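Please work through the exercises below with the sequence and the structure open beside you. Each one sets a task and then gives a solution in steps.

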Amino acid sequence: MRFRTLCHLLIGCTLATAEQPLHAVQTDPLQAMVLTGQNNHGWQVLSAHYKNILEETGLFEVDVVTSPPPGGDMTDFAPDFSRYDVVVIEYNGDEWPATVKRSFERYMEHGGGMVYAHAVNHTFTDWPAFNEMMGIGGWGGRDESAGPYVKYRDGKMVLDHRPGHAGECVDAHAFSVVTRDTAHPIMRGLPSAWLHGTDELYSNQRGPAKNMTILATAYSDPAREAHWGVETHGTGEHEPMIYTIGYGEGRVFGTAMGHVDGGAPVDSEPWPAIDCVGFITLIQRGTEWAATGAVTQTVPDAFPTATEVSLR
Ligand code: ZN
């Protein structure tokens, strides 16, 4: 996939002339896999949504690969990661066969791209390499053995090694997402703060956090109730919401946002967490960056502002 990525960039540069600006150049589409099939969130809604919003950029061809159902026979489950520039993991469920895990590790070690959101961070607690790729996670029995809590304090990422359960979720509400890295290609041109559509706000994630960069945070308000963890209220801290992780030669884009209820049917829109123009834009830009290391997309005019949510 590194060769493909290089070609993608070189073709774009070679053909860009004074008469033919870069944005008009046709290049081979990037190949993206959305890997789904199990999640305690609505994976049917999410996988269809990711396919749609990636294809609408004109940059990607997207295949959806669906695992066997929970408890199903994984013997013949063998996604071919090597054909793809980027893999969107929309999966939170049964262990994959060891051969699939090793294949994904090799793919990432050699320059693959991975994207994940929200409850994917519950999965594969006992697969160290996957937890390194995610940087941070929650639930799934995670505690201090998973790595430190990752916080954002006094203008920088802080690793907090105190013991404890990983993962809480503040009641769904619209919340402000604050940009912390204005120079990163994914974040260039985005507002310094914007209002995200109603979503669960994760707090107290923890993990290896190796080669991790926090791009944006959200404030976990202690006045709001929290569930599915140890804390009963928000943490009063700026929690990581958007981040990148380097794994081998591979790139990972992750976000804690993107809730859809478990078992939600495909036509059950709207879901303000994923129909948020901010969320859509970040997934589109983050997936391009994970695939190529660059972002060529412009920020849409309908991007949310500091005071107004913007939904599709
Ligand atoms: Zn959720």
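The exercises that follow concern a predicted model, and they take up a metal site, a strand residue, two backbone angles and some salt bridges.

**Exercise 1. The zinc site**

Task: Identify the protein donors of the zinc ion, and decide how the arrangement of the donor atoms should be classed.

Solution: Begin with the atoms themselves: the zinc ion has as its protein donors His41 through NE2, His118 through NE2, Glu200 through OE and His259 through ND1, and these lie 2.0 to 2.1 Å from the ion. Next, take the angles, which run from 92 to 155° around the zinc ion. A tetrahedral site with four donors would need all angles between 85 and 135 degrees, and because the angles here reach 155°, the arrangement is irregular.

Then place the donors in the sequence, where their spacing reads H-x76-H-x81-E-x58-H. Histidine 41, in the loop between strand E1 (30-36) and helix H2 (43-55), and glutamate 200, in strand E8 (residues 193-203), are 159 residues apart, so this pair links distant parts of the chain. Finally, check accessibility: histidine 41 has a relative accessible area of 6% and is buried, and glutamate 200 is likewise buried, at 9%.

**Exercise 2. A residue in strand E12**

Task: Determine whether threonine 255 is buried or exposed, and list its contacts beyond its neighbours within four places in sequence.

Solution: Locate threonine 255 in strand E12, which covers residues 250-255. Its relative accessible area is 3%, and because buried means under 20%, threonine 255 counts as buried. Leaving aside the neighbours within four places in sequence, threonine 255 is in contact with Tyr116, Ala117, His118, Met241, Ile242, Tyr243, Phe279 and Ile283. One of these, His118, is also a donor of the zinc ion.

**Exercise 3. Two positive phi angles**

Task: Describe the setting of asparagine 204 and of tryptophan 228, each a residue other than glycine with a positive phi.

Solution: Start from the background that most residues other than glycine have a negative phi. Asparagine 204 has a phi near 55° and lies in the loop between E8 and strand E9 (212-219). Tryptophan 228 has a phi near 60° and belongs to the loop between strand E10 (226-227) and strand E11 (238-247). Accessibility then separates the two, since asparagine 204 is buried at 2%, whereas tryptophan 228 is exposed at 60%.

**Exercise 4. Salt bridges**

Task: State how many salt bridges are counted, and examine the pairs formed by arginine 102, glutamate 132 and aspartate 160.

Solution: The count comes to eleven salt bridges. For arginine 102 the partner is glutamate 109, with the closest N and O atoms 3.3 Å apart; arginine 102 is partly exposed at 34%, and glutamate 109 is partly exposed at 27%.

Glutamate 132 pairs with lysine 210, the closest N and O atoms being 3.1 Å apart. This pair links distant parts of the chain, with glutamate 132 in helix H4 (residues 128-134) and lysine 210 in the loop between E8 and E9, 78 residues apart. Glutamate 132 is partly exposed at 25%, and lysine 210 is partly exposed at 43%.

Aspartate 160 forms a salt bridge with arginine 153 at 3.0 Å between the closest N and O atoms. Here aspartate 160 is buried at 13%, while arginine 153 is partly exposed at 27%. As a last step, note that Lys151, Arg153, Asp160, Arg162, Glu237 and Glu239 are joined in a network of salt bridges.

Notes:
Residues numbered from 1 in each chain as written. Predicted model: local features only at pLDDT ≥ 70, side-chain atom pairs only at ≥ 80, totals over all residues. Heavy atoms only, no water. Donors = N, O, S within 2.8 Å, 3.2 Å for Na, K, Ca; no water. Tetrahedral: all angles 85-135°; square planar, octahedral: opposite > 155°, others 65-115°. Helix = DSSP H or I, 4+ residues; strand = E, 2+ residues; numbered from the N terminus. Buried < 20%, exposed > 50% of the residue type's maximum accessible area, 1.4 Å probe, protein only. Contact = heavy atoms within 4.5 Å. Salt bridge = Lys/Arg side-chain N within 4 Å of Asp/Glu carboxyl O.
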